[in-house]
Amino acid sequence: MMKGFLNRDKFLNILDSVNIWDVIIIGGGATGLGIALDSSSRGYKTLLLEQSDFSKATSSRSTKLIHGGIRYLAQGNIRLVYEALRERGFLLKNAPHLVKKQKFIIPIFNWKMGIMYWTGLKLYEWLSGSLSFGKSRFLSKDEIVKNFPEIKSKELKGGVLYYDGQFDDSRLAINLAQTCVQKGGILLNYFKVKSLIKKVGNKISGVIACDLETKKKYSIYSKIVINATGVFSDSISRMDESTCPIFIKPSQGTHIVLDKSFFSSSNAIVIPKTKDGRVLFCVPWYDHVLVGTTDTFIDNSVLEPKPLEEEIDFILQTFNKYFVLHTKKSDILSAFSGLRPLFVTKNYYSVTTKTKDISRSHKLMISSSGLISIIGGKWTTYRKMAEDTVNKAIEIGKLNKMPSITKNLKIYGSYSSYTSKNHHWDKYGEDEYHIKKLIEKNPLLGVSLISKNSYSYTEAEVVWMVRYEMARTIEDILARRFRLLFLNAKKAIDIAPRVASLMAKELSKDEKWEKSQVAAFKKLAIQYYYPEV
C-alpha cells in the first residue's frame with residue numbers, strides 16, 4: 001500500500017500497538033488536521049480522533065476562499081490580514097492542485113466608496129509582498145458589464161479588480177490527512193472521545209474513546225491532549241472542568257448554490273457592504289455559483305446546522321438587487337450552513353453586538369490540568385494555528401523540541417505530473433493516476449454515475465474513496481469527497497442508491513445497510529434544497 005493512503009483497519013491495529021502517544025488531537029477539521037500534520041512532521045507520535053468524518057462540520061462549509069479577508073482590513077485588523085495573506089501564499093505553493101488564483105471584482109456605484117475600496121485593495125496587495133497573487137486595478141463600467149453580463153448596470157460607475165485564492169475545503173482536509181499519514185501520524189474517523197484520563201495531580205494523561213462502528217472502548221494514553229473541536233470546544237473543556245466558563249459563541253454562515261446560468265462569469269464578485277454590513281460573495285465553483293455568506297448568532301452547536309429562512313431570503317434579496325435574472329427559492333440547487341467558533345469572554349457582547357465585530361484571530365487556552373484548547377481562526381491560517389499549538393504542546397508536554405517544517409511542506413497530491421484535459425480530475429493531484437489505473441484494470445468502473453450530465457463522477461472514484469480515503473458512509477462520499485450534496489442536492493439523492501451498492505461491496509455490508517444508508521442520506525439531503533411547491 002502506498003504511503004499516504006488512509007486505511008482505518010490498519011490504523012486500528014497501530015492504535016493497539018502503541019503504549020503512549022506524544023500528542024492526541026481531538027477533532028478532525030482544518031485545525032485538528034493541521035495540528036496533526038505539524039506534530040507528525042516534527043517526528044512526534046501523533047494520533048487524531050474525529051467523532052464523525054474529517055471536515056464534517058465547519059471545515060467543509062466555508063465560502064471556498066483562501067484569502068486575507070478584505071473585511072478584516074476594513075475593521076483595522078492589519079495583523080490578521082497580513083498573517084492570512086502570507087499563509088495564502090504558502091498554501092498556493094504547497095497545494096497548487098487545490099488552491100487557485102481567482103479574480104475578484106468589487107462593483108462601484110458610488111465614487112467616494114470606489115476610492116476607498118481602491119485604496120484598501122492597494123494596501124491588501126502591498127501587505128502580501130512577494131507572495132502577492134496579482135495587481136489590483138480599476139475597471140470601467142463597460143469592462144464590468146463585459147465580465148458580468150447579468151449585472152444591473154443602471155447606476156454602475158465601474159469596479160476594482162483584485163486577486164485572492166479559491167480552493168476545495170474538504171478535499172484539502174483529506175489531503176492534509178494523507179500528508180499526516182506520510183509523516184507517520186495516525187487518524188481515525190468515527191471515533192468519539194467520551195472522557196479524559198487524569199493521573200495524580202489532576203494532570204491529563206490521555207482519553208477514553210469509543211469506536212462508533214464497533215462500539216469498542218479504548219483507554220489511550222499520551223503526554224499531551226489538544227482540543228481542536230471548533231464549535232464543540234466547550235464540551236471537551238467541560239470534560240476537563242465541569243464548571244469551565246463558555247468561550248464559544250457560534251455564528252452561522254449560510255450559502256446557496258445556483259446554476260451558472262444565473263452568473264456566467266469565471267470571475268467572482270464581492271458586494272462589500274450589504275444592508276446589514278455583511279460582505280456577500282458570488283463565486284464560481286465547479287461550474288456553479290456559490291453565493292453567501294450570512295453571519296447569524298445561534299444558541300447551540302450541532303453537527304448538521306440548517307439554513308434559516310431569513311438567511312436564505314437575505315441572500316436572494318441581495319443577489320437580486322444586483323443581478324438582472326430574478327432568482328427564487330426553487331432555483332436553489334443546494335443550501336448549506338456552517339458554524340464559526342467565535343471566541344468570546346464572559347462579557348463578550350451586548351444585545352447590539354454583531355458577529356462581524358468579534359475577532360477571527362485564534363486563541364490558545366491552557367487549563368490547570370494541561371488541556372490545550374485552540375479556538376477561532378479560519379481555513380487560510382490553519383497552518384500557523386497548528387504551528388502555534390504544537391509549540392505550546394512541546395512546552396506543556398515537555399516534548400523534545402523540534403522546529404516546524406510545514407511552511408515549505410508539500411501537501412499530498414501536489415506532486416502530480418499527470419496533466420488532465422478534464423478539470424474534474426484536478427483535485428485528485430497525483431491520485432488521478434491511481435484512480436485511472438483502477439479503470440484500466442476494470443473498465444466497468446469507468447461508468448459515469450450520472451448519465452447525460454455535466455457531472456463526471458465515476459464508479460472508480462467511489463471505490464477509491466472507500467479503499468484509500470476512509471469514506472464510511474454515502475454522506476462522506478457525496479458531501480465531502482465528490483461535493484455533489486453541496487452542488488446539487490437532488491442529483492445527490494438520485495445517485496445515492498448506486499453509491500450505496502458500490503460501498504456495500506467494498507465494506508462487506510448487506511442489503512439492510514444499503515437501504516438504511518440511502519434512507520438516512522435522503523433525509524439529510526432534503527434539507528439542502530427547495531423543490532418547487
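## Strand β6 and its partners

Strand β6 (residues 158–166) has 8 of its 9 residues buried (under 20% relative accessible area, with over 50% called exposed and partly exposed in between; 1.4 Å probe, protein chains only), so the rest of the structure largely encloses this strand. This is a predicted model, in which local features need pLDDT of at least 70 and side-chain atom pairs count only at pLDDT 80 or more, while totals for chains, interfaces and linings use all residues. Residues are numbered from 1 along each chain as its sequence is written, and side-chain values use heavy atoms, with hydrogens and water left out. Helices (H or I, at least four residues) and strands (E, at least two) are DSSP runs numbered from the N terminus.

Who sits alongside β6? Pairing here takes at least two DSSP bridges between two strands. Strand β4 (residues 100–108) runs antiparallel to β6, with 9 bridges joining them; F104 has Y162 as its bridge partner there. Strand β5 (residues 137–140) is antiparallel to β6 too, over 4 bridges, and S140 is matched with G158. Then there's strand β3 (residues 65–66), which pairs with β6 in the antiparallel sense over 2 bridges, L65 having Q166 as its partner.

## A nonpolar patch

I78, L123 and W126 make a nonpolar surface patch of about 320 Å². To join a patch, residues need over 30% relative accessible area and no salt bridge; like charges are joined within 9 Å, and nonpolar side chains (Val, Leu, Ile, Met, Phe, Trp, Tyr) within 5 Å. A salt bridge puts a side-chain nitrogen of Lys or Arg within 4 Å of a carboxyl oxygen of Asp or Glu. Areas are Shrake-Rupley values with a 1.4 Å probe, and for residues only the protein chains shown count as cover.

L123 belongs to helix α5 (residues 111–127). At 33% relative accessibility, L123 is classed as partly exposed.

## Cysteines

Looking for disulfides (cysteine sulfur pairs within 2.5 Å)? The structure holds 0 of them. C180 is buried at 0% relative accessible area, and C210 is buried as well, at 7%.

## S235 in helix α8

S235 lies in helix α8 (residues 233–240) and is partly exposed, with a relative accessible area of 40%. Its side chain reaches the backbone oxygen of F232 at 2.6 Å. As for F11, that residue is 224 positions from S235 in sequence and 26 Å away in space, C-alpha to C-alpha.

Methods: A disulfide is a pair of cysteine sulfur atoms within 2.5 Å. A polar contact is a pair of N or O atoms within 3.5 Å; within protein, one must be able to donate a hydrogen and the other to accept it, and residues adjacent in sequence count only if both atoms are side-chain atoms.
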